[in-house]
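Biologist: Let us walk through this model together. I will ask how each label is earned.

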Amino acid sequence: MFTTHRFLLMMFLLLPLSVWGQEDIRIGKQYSVYSSSLQEKRTYWVHLPDNYEENKNQHYPVIYLLDGEDFFHAMVGIRQTLSTTKGKHIPPCIIIGIISGDRTRDFTPTASTIGRDGKQTLNAIPQGGGADRFYHFLIKELRTRIDSSYRTNGRNILIGHSYGGLFTLNVFLHYTESFDTYLAIDPSLWWDNGRLAKEAISLIKRKDFSQTNLYIGIASKKRNDRTDIHLATIRHFLHVLSEIHGLHFYHKSFPDENHGSVKIPGLYDGIKQLFAR
């Protein structure tokens with residue numbers, strides 16, 4: 001017998017998903033800003049901490065992620081995990097993912113025609129050298145916009161991989177006070193025959209690193225398909241850094257990872273090391 005109860009059950013099961021409270025899961029929003037320094041529009045993604053709107057009196061550190069299209073989702077997940085588990089490694093943060101433009105132009109401090117093997121490429125047109133302009137965009141334009149739009153607390157973290165890691169270390173050496181914490185994953189220190197690493201000794205003189213944190217993750221999986229100066233340049237740079245007094249410095253080698261696969265392991269380990277204190 002077809003009872004009223006059965007009829008109501010059937011109608012309940014046939015209800016559209018929207019009635020069940022279907023809702024999109026969002027981890028951020030996309031914005032854009034025109035940069036006078038770069039003479040172009042740049043896109044960035046923003047993730048706000050849980051309960052940001054409710055905690056009106058709380059101010060937050062800001063993580064600036066270079067190559068945001070590669071790292072934003074992973075960084076949000078790592079931050080969520082390491083700020084909610086026992087022994088919390090990182091406080092709630094505002095995360096800014098900066099979407100890449102011309103990476104060679106933006107992230108390299110000098111124009112160069114020298115390859116990863118340290119050799120000059122004949123008849124090549126020098127590439128790169130726009131790091132100072134990108135730095136001006138990052139600090140004077142983007143950070144000013146972020147600080148005026150959100151409740152920031154003045155603590156800033158810069159994270160980059162590859163050319164982004166080179167840019168991160170260039171800022172660390174030339175404009176140390178711009179960020180409290182730097183995380184460079186397999187930085188391309190081979191650029192321009194390792195010029196930045198060679199200049200490091202003179203750049204660190206008369207600088208105060210006592211309030212600065214730095215992590216470098218290194219992909220050290222052996223390669224037999226080419227010869228380059230990448231690892232040798234990084235080892236030289238690590239030796240120079242070991243002489244800096246007061247710097248809170250950590251580094252880790254990943255022998256099972258290559259330049260591409262080291263991104264997430266390096267990011268995860270770097271966050272744990274830098275915020276474990």
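Modeller: Start with one term: a residue is buried if its relative accessible area is under 20%. By that rule Tyr-163, Gly-164, Gly-165, Leu-166, Phe-167, Thr-168, Leu-169, Asn-170, Val-171, Phe-172 and Leu-173 of helix α5 are buried. Keep in mind that this is a predicted model.

Biologist: What makes α5 a mostly covered helix?

Modeller: The count does. Of the 12 residues in α5, 11 are buried. In the protein chain, buried residues make up 45% of the 277 residues.

Biologist: How do you know that His-230 is buried?

Modeller: Set the value against the cut-off. His-230 has a relative accessible area of 4%. Buried means under 20%, so His-230 is called buried. His-230 is found in helix α7.

Biologist: Which residues does His-230 contact, leaving aside neighbours within four places in sequence?

Modeller: They are Arg-116, Asp-186, Pro-187, Ser-188 and Trp-190. A contact needs heavy atoms within 4.5 Å. Trp-191 can be placed by another value: its C-alpha is 8.6 Å from that of His-230, and the two are 39 residues apart in sequence.

Biologist: How do you know that the length of helix α6 agrees with what is expected?

Modeller: Helix α6 covers residues 191–203, which is 13 residues. At 1.5 Å a residue they should span 18 Å. The end C-alpha atoms are 17 Å apart, so the two values agree. Helix α5, residues 163–174, passes the test too: it reaches 16 Å, close to the 16 Å expected.

Biologist: Which residues of α6 are buried, and what do they pack against?

Modeller: The buried ones are Trp-191, Asp-192, Gly-194, Leu-196, Ala-197, Ala-200 and Leu-203. They pack against α3, β5, β6, α5 and α7.

Biologist: Now the strands. What makes β1 and β2 a pair?

Modeller: A pair needs at least two bridges. Seven bridges join β1, residues 29–35, to β2, residues 40–47. That meets the rule, and the two strands run antiparallel. As an example, Tyr-31 has Tyr-44 of β2 as its bridge partner. Four residues lie between the strands of this hairpin, and Gln-39 takes a positive phi near 60°.

Biologist: What does β2 pair with besides β1?

Modeller: β2 pairs with β4, residues 94–98, over four bridges in the antiparallel sense. Tyr-44 turns up again here: its bridge partner in β4 is Ile-98.

Biologist: Why is the pairing in the sheet called mixed?

Modeller: Strands of a sheet pair through backbone hydrogen bonds, either parallel or antiparallel. Here β1 and β2 run antiparallel. In contrast, β7 (152–161) and β8 (181–185) are joined by five bridges and run parallel. One such bridge links Ile-157 to Thr-181 of β8. The pairing is therefore described as mixed.

Biologist: What is the strand order, and what makes β1 and β10 edge strands?

Modeller: Eight strands form an open sheet in the order β1-β2-β4-β3-β7-β8-β9-β10. β1 and β10 each have a single partner strand, so one side of each is left without a neighbour in the sheet. The twist averages 20° from one strand to the next.

Biologist: Which helices touch the sheet?

Modeller: Helix α7 packs on the sheet and touches β9 and β10, with its direction at about 155° to that of β9. Helix α8 lies across β7, β8, β9 and β10, at about 155° to β8. Phe-249 lies in β10. Among its contacts beyond four places in sequence are Leu-214, Ile-216, Leu-238 and Leu-241.

Biologist: How do you describe the packing of α2 with α8?

Modeller: Two packed helices are described by the angle between their axes and the distance between the axes. The axes of α2 (68–84) and α8 (263–274) come within 11 Å and cross at roughly 35°. The crossing is right-handed. α2 offers Asp-70, Phe-71, Ala-74, Met-75, Ile-78 and Leu-82, while α8 offers Lys-263, Ile-264, Leu-267, Tyr-268, Ile-271 and Lys-272.

Biologist: How many residues of each class make that contact?

Modeller: Nine are nonpolar, none polar and three charged.

Note on methods
Residues numbered from 1 in each chain as written. Predicted model: local features only at pLDDT ≥ 70, side-chain atom pairs only at ≥ 80, totals over all residues. Heavy atoms only, no water. Axes fitted to C-alpha atoms, helices over the stretch in contact; angles between N-to-C directions. Left-handed = near helix turned anticlockwise from the far one by under 90°. Nonpolar A, V, L, I, M, F, W, Y, C, P; charged D, E, K, R; others polar. Expected span 1.5 Å × (residues − 1). Buried < 20%, exposed > 50% of the residue type's maximum accessible area, 1.4 Å probe, protein only.
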